[in-house]
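Here are some notes to read alongside the structure, set out as numbered points. Please keep the sequence and the 3D view open while you go through them.

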Amino acid sequence: MRQNCHDNALCESMWARMKEELFYLRDHKPENYTIDELNNLIWRYFMSY
């Protein structure tokens, strides 16, 4: 099966947008969060859509 370079474009775009909105625009660093806090933050992000 031949793979296309655009196969992951939607998924990569979604993760990039999430990181931009959650961390870069707020000037927060993911390293400062615990695993539980990150799980909760990501879950709330997806449930808000």
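1. A good place to begin is the largest nonpolar core, which has six residues, namely Met18, Leu22, Phe23, Leu38, Leu41 and Tyr45. The elements that contribute two or more residues to this core are α1 and α2. Please bear in mind throughout that the model is predicted.

2. As for the overall make-up, the protein has two helices and zero strands. Of its 49 residues, 12% count as buried. The protein exposes about 4700 Å², and carbon and sulfur atoms supply 53% of that area.

3. Which residues of α1 are buried? They are Met18, Leu22 and Phe23, and, when one looks down the axis of α1, these buried residues fall within an arc of 90 degrees, so they line one face of the helix. It helps to recall that an α-helix has 3.6 residues a turn, so residues three or four places apart point the same way. The buried residues of α1 pack against α2, whereas the face of α1 turned away from the buried side carries the exposed residues Leu10, Arg17 and Tyr24.

4. Helix α2 can be read in the same manner, with Leu38, Leu41 and Tyr45 as its buried residues. Seen down the axis of α2, they fall within an arc of 65 degrees, so they line one face of the helix. These buried residues pack against α1, while the face of α2 turned away from its buried side carries Ile35, Asp36, Trp43 and Met47, which are exposed.

5. The length of α2 can also be checked against expectation. The helix has 13 residues, and at 1.5 Å a residue these should span 18 Å; the C-alpha atoms at its ends are 18 Å apart, which agrees. If the arithmetic puzzles you, note that the expected span is 1.5 Å times one less than the number of residues.

6. The structure holds three aromatic pairs. In one of them, the ring centres of phenylalanine 23 and tyrosine 33 are 6.1 Å apart and the ring planes stand at 55 degrees, so the pair is tilted. Because phenylalanine 23 lies in helix α1 (residues 9-24) and tyrosine 33 in the loop between α1 and α2 (35-47), the pair ties together parts that are ten residues apart in sequence. Phenylalanine 23 counts as buried, at 6% relative accessibility, whereas tyrosine 33 is partly exposed, with a relative accessible area of 24%.

7. The rings of tyrosine 45 and phenylalanine 46 also form a pair, and here the centres are 5.6 Å apart with the planes at 75 degrees, so the arrangement is edge-to-face. Tyrosine 45 has a relative accessibility of 9% and counts as buried, but phenylalanine 46, with a relative accessible area of 32%, is partly exposed. Together with Trp15, Tyr45 and Phe46 form one aromatic cluster.

8. Which residues does leucine 41 contact, leaving aside its neighbours within four places in sequence? Leucine 41 is in contact with Leu22, Phe23, Arg26 and Tyr33. It is worth finding leucine 41 in the 3D view as a member of the largest nonpolar core, and then locating Leu22 and Phe23, which are also listed among the residues of that core.

9. Finally, consider lysine 19, whose place is in helix α1. Is lysine 19 buried or partly exposed? At 37% relative accessibility, lysine 19 counts as partly exposed, because the partly exposed class lies between the buried limit of 20% and the exposed limit of 50%. Lysine 19 and isoleucine 42 are 23 residues apart in sequence, and their C-alpha atoms are 9.5 Å apart in space.

Note on methods: Residues are numbered from 1 along each chain as its sequence is written. This is a predicted model: local features need pLDDT of at least 70, side-chain atom pairs count only at pLDDT 80 or more; totals for chains, interfaces and linings use all residues. Side-chain values use heavy atoms; hydrogens and water are left out. Rings of Phe, Tyr and Trp (its six-membered ring) pair if their centres lie within 6.5 Å; planes under 30 degrees apart count as stacked, over 60 as edge-to-face and the rest as tilted. Helices (H or I, at least four residues) and strands (E, at least two) are DSSP runs, numbered from the N terminus. Buried means under 20% relative accessible area, exposed over 50%, partly exposed in between (1.4 Å probe, protein chains only). A nonpolar core is a set of buried Ala, Val, Leu, Ile, Met, Phe, Trp, Tyr and Cys residues joined through side-chain atoms within 4.5 Å. Contact means heavy atoms within 4.5 Å. Accessible areas come from the Shrake-Rupley method with a 1.4 Å probe; for residues, only the protein chains shown count as cover. The arc is that of the directions from the helix axis to the C-beta atoms.
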